[in-house]
Amino acid sequence: MMNDTTGQSAAKVRLYGLPNSAEAYKIRDFLNRSVVEFDWIELTNDQDCDRELGFSALSDLRLPIIEFPDGTQLFSPSIREIAQRLGWVTQPKFREYDSFFLETSVPGSFAAGDVRHGSVKRVASAVGEGAMAVTFVHQYLEENR
Ligand SMILES: Cc1cc2nc3c(=O)[nH]c(=O)nc-3n(C[C@H](O)[C@H](O)[C@H](O)COP(=O)(O)OP(=O)(O)OC[C@H]3O[C@@H](n4cnc5c(N)ncnc54)[C@H](O)[C@@H]3O)c2cc1C
């Protein structure tokens, strides 16, 4: 684990799991893509389990386990649960919402180009929508200061 300049252990997300675990790989991939700093700790036997987590038997655990900087842990979590815990799944502020063109169901988040539902899948439209989305983002920020 990395240390900060005071010599204390920097609080980071920690992920514990079995080597070659597909579930753990999925979470690591998600954290990497989301630029969340984390430590990956492989548990290969009961000794690792005891040393790292204070549980005596690896087979008793629902792996992988993710531990957040405040010390809370989720056992065998879904990506959505992790995102929720990181504060990224929020509720809209208003029950009804007058959305901008190209705005997604997440207020203030816009989509342009092939990724947008119902797009015509052409270069010119992708570029045009990209430029429009930038304008709408500016308007959104102006209205929601
Ligand atoms: C074979 C082919 C021929 C085509 N011919 C034409 C044509 O003649 N005329 C025409 O107008 N259109 C054509 N199109 C369609 C055109 O290419 C697309 O409509 C256009 O490229 C869409 O642009 P975009 O920016 O929306 O998406 P893309 O050009 O697909 O760009 C999306 C980018 O996001 C990246 N990305 C994806 N996921 C992630 C992630 N999680 N993190 C970071 N980056 C990510 C991708 O790597 C990619 O670089 C063709 C498409 C194909 C496949």
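**Exercises on cores and overall form**

In this predicted model, the largest nonpolar core consists of eleven residues, namely Val13, Leu15, Ile27, Phe30, Leu31, Val36, Phe38, Ile66, Phe68, Ile82 and Ala83.

**Exercise 1.** Determine which elements each supply at least two residues of this core, and which element gives the most.

*Solution.* Begin with the order of elements, which from the N terminus on runs β-α-β-α-β-β-α-α in the protein chain, with four helices and four strands. Next, assign the core residues to elements: β1 (13–17), α1 (22–33) and α3 (79–85) each supply at least two of them. Finally, α1 gives the most to this core, with three residues. Apart from this core lies another, of nine residues, which includes Tyr16, Leu43, Leu61 and Leu63.

**Exercise 2.** State which residues Phe68 is in contact with, once its neighbours within four places in sequence are left aside.

*Solution.* Phe68 belongs to the largest nonpolar core. With contact taken as heavy atoms within 4.5 Å, the partners of Phe68 beyond those neighbours are Lys12, Val13, Leu74, Arg85 and Leu86. Of these partners, Val13 is also listed in the core.

**Exercise 3.** Compare the radius of gyration of the protein chain with that of a compact globule of 145 residues.

*Solution.* A compact globule of 145 residues would have a radius of gyration near 15 Å, whereas the protein chain has 21 Å. The C-alpha trace spans about 55 × 35 × 35 Å along its principal axes. As for burial, 30% of the 145 residues count as buried, and the accessible surface comes to about 10,100 Å², of which 51% belongs to carbon and sulfur atoms.

Definitions and conventions. Residues numbered from 1 in each chain as written. Predicted model: local features only at pLDDT ≥ 70, side-chain atom pairs only at ≥ 80, totals over all residues. Heavy atoms only, no water. Rg over C-alpha atoms; globule rule 2.2 N^0.38 Å. Buried < 20%, exposed > 50% of the residue type's maximum accessible area, 1.4 Å probe, protein only. Areas by Shrake-Rupley, 256 points an atom, 1.4 Å probe, with all protein chains shown as cover. Core = buried A, V, L, I, M, F, W, Y, C linked by side-chain atoms within 4.5 Å.
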